[in-house]
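Dear colleague,

I am passing on the structure below, together with some notes on its aromatic side chains. Please read them with the coordinates open.

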Amino acid sequence: LVSAAVIGLLVALLVILLVADMFSDDSEAVEVPAAEAPITGAGIEASPSVCGLDAVADSGTVTQPPAAQWTLVATIAVPSAEGVGPGEVFPDQFRRCFARTPEGALFAAANIVGVSGSFPLEKQVTEWYVAEGPGRAEAVAAAGTHSNPDSTFRLQIAGFRVLNYTGDTATVDIAMRASTGAFASQVYDLVWQDGDWRMRVAPDGEGPLTPVARIPDLAGYIPWGGA
């Protein structure tokens, strides 16, 4: 795997998946985390949705592919659903505001995949989606300073696992299929802050808290995607 620190912040996921030698026959798949047992949330009374989405849950999971409308953001299809999110979609394709539910966390993670793959949105994505905490200052400072990746490879969302959900935090594993036919996984460590789901990043700010990993296939994932 190519180090996210070499490539840059949220575009690292897209670029790593598009590097052809990541998918060479002699590279080994990286094991992704197993599903965790659900943990009861600590409370849901604070920080209402920034766009007024009413649905709230302090526990639960997602075991079936949710119904969704799929829209291309640049080249990646991302989901939306009434009452789940995104509650706000801007002319430049930036999308934000998701319900404080397991489905909302899943849709947030899937939409982060899409907006992170749109290079012109890097600064906006970083400022909105990176959670307060270690790595945020470094991530924001570096946003917009990375080179625009140039590749003919593409990826699409292919499946998911909701590993954990508490109402305050969520761990969502998104499986993706590259145009080469290979698969990769990105686990999103989400936290509810200031009325939306935000993503925890590495302490150096150079990518998601859990690194991207190659997976051999979609075994163990719930198939889901729009392309």
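Trp70, Phe107, Phe160 and Trp224 form one aromatic cluster, and the search of the whole structure found seven aromatic pairs (rings of Phe, Tyr and Trp, the last by its six-membered ring, with centres within 6.5 Å; planes under 30 degrees apart are stacked, over 60 edge-to-face and the rest tilted). This is a predicted model, in which local features need pLDDT of at least 70 and side-chain atom pairs count only at pLDDT 80 or more, while totals for chains, interfaces and linings use all residues. Residues are numbered from 1 along each chain as its sequence is written, and side-chain values use heavy atoms, with hydrogens and water left out.

Within the cluster, Trp70 and Trp224 make an edge-to-face pair, at 4.9 Å centre to centre with 70 degrees between the planes. Trp70 belongs to strand S1 (residues 69–73) and Trp224 to the segment after strand S10 (222–223), so their pairing ties together parts that are 154 residues apart in sequence (strands are DSSP runs of E, at least two residues, numbered from the N terminus). Trp224 is buried at 6% relative accessible area, whereas Trp70, at 24%, is partly exposed (buried means under 20%, exposed over 50%, partly exposed in between, with a 1.4 Å probe and protein chains only).

The side chain of Trp224 also reaches the backbone oxygen of Pro66 at 3.0 Å.

Elsewhere, Arg161 lies over the face of Tyr221 at 5.0 Å from the ring centre, and Arg198 lies over that of Trp128 at 4.1 Å (NZ of Lys or CZ of Arg within 6 Å of the ring centre and within 35 degrees of the ring normal).

Best regards

Methods:
Helix = DSSP H or I, 4+ residues; strand = E, 2+ residues; numbered from the N terminus. Polar contact = N/O pair within 3.5 Å; in protein donor to acceptor, adjacent residues only side chain to side chain.
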